[in-house]
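The exercises below are meant to be worked with the sequence and the model side by side. Please try each task before reading its solution.

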Amino acid sequence: MTRNAERVHTDQAELDRLGQLIEQLPNGAHVVLRMEDGDAIEGIVAARPIAQVFFGPDGEEGTNAVLRLEQPALYRPEAAGWRDVWVDRIQAVRRLDPE
């Protein structure tokens, strides 16, 4: 995994928001993510993301997290695989499975 991120965060309010999102993404959860650009991404959480230190585009240190989503072939075989998503880009998490 890279040590660089497009965006890193040091503001406590944003760090708290990252933590709240991470809490909503437990291992194995089937979720739909509403992203800041309006996209919806569905998948299964491969592992709960962990807040980590990254370097931003200007070399500044800050925090972000990466979520790996598995996208099984059951419903859409052409989209099967996995996808990494920056947690700070997520606006909302909706669980599709029982908690």
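For charge counting, Lys and Arg are taken as positive and Asp and Glu as negative, while His and the chain ends are not counted; the place of a charge is NZ of Lys, CZ of Arg, CG of Asp or CD of Glu. This is a predicted model, in which local features need pLDDT of at least 70 and side-chain atom pairs count only at pLDDT 80 or more, whereas totals for chains, interfaces and linings use all residues. Residues are numbered from 1 along each chain as its sequence is written, and side-chain values use heavy atoms, with hydrogens and water left out.

**Exercise 1. Charges**

Task: state how many positive and negative side chains the protein chain has, and how far apart the centres of the two sets lie.

Solution: Counting by the rule above gives 11 positive and 18 negative side chains in the protein chain. The centres of these two sets are then found to lie 4 Å apart.

**Exercise 2. Overall fold**

Task: give the pattern that the protein chain follows along the sequence, and explain why the chain counts as compact.

Solution: Helices (H or I, at least four residues) and strands (E, at least two) are DSSP runs numbered from the N terminus. The protein chain holds one helix and seven strands, in the order α-β-β-β-β-β-β-β. Its radius of gyration, taken over C-alpha atoms and compared with a globule rule of 2.2 Å times the number of residues to the power 0.38, is 14 Å, close to the 13 Å that the rule gives for 99 residues, so the chain is as compact as a globular protein of that length.

**Exercise 3. Two buried residues**

Task: decide whether Gln71 is buried or exposed, do likewise for Ile22, and list what each touches.

Solution: Buried means under 20% relative accessible area, exposed over 50%, and partly exposed in between (1.4 Å probe, protein chains only). Gln71, in strand S5, has 18% relative accessibility and therefore counts as buried. Contact means heavy atoms within 4.5 Å; leaving aside neighbours within four places in sequence, Gln71 is in contact with Ile41, Glu42, Gly43, Ala79, Ala80, Gly81, Trp82 and Arg83. Of these, Gly43 is 28 residues from Gln71 along the chain, with their C-alpha atoms separated by 4.8 Å.

Ile22, in helix H1, is buried because its relative accessible area is 9%. With the neighbours within four places again left aside, Ile22 is in contact with Arg48, Pro49, Ile50, Ala51, Ala65 and Val87. Arg48 lies 26 residues from Ile22 in sequence and 6.8 Å away in space, C-alpha to C-alpha.
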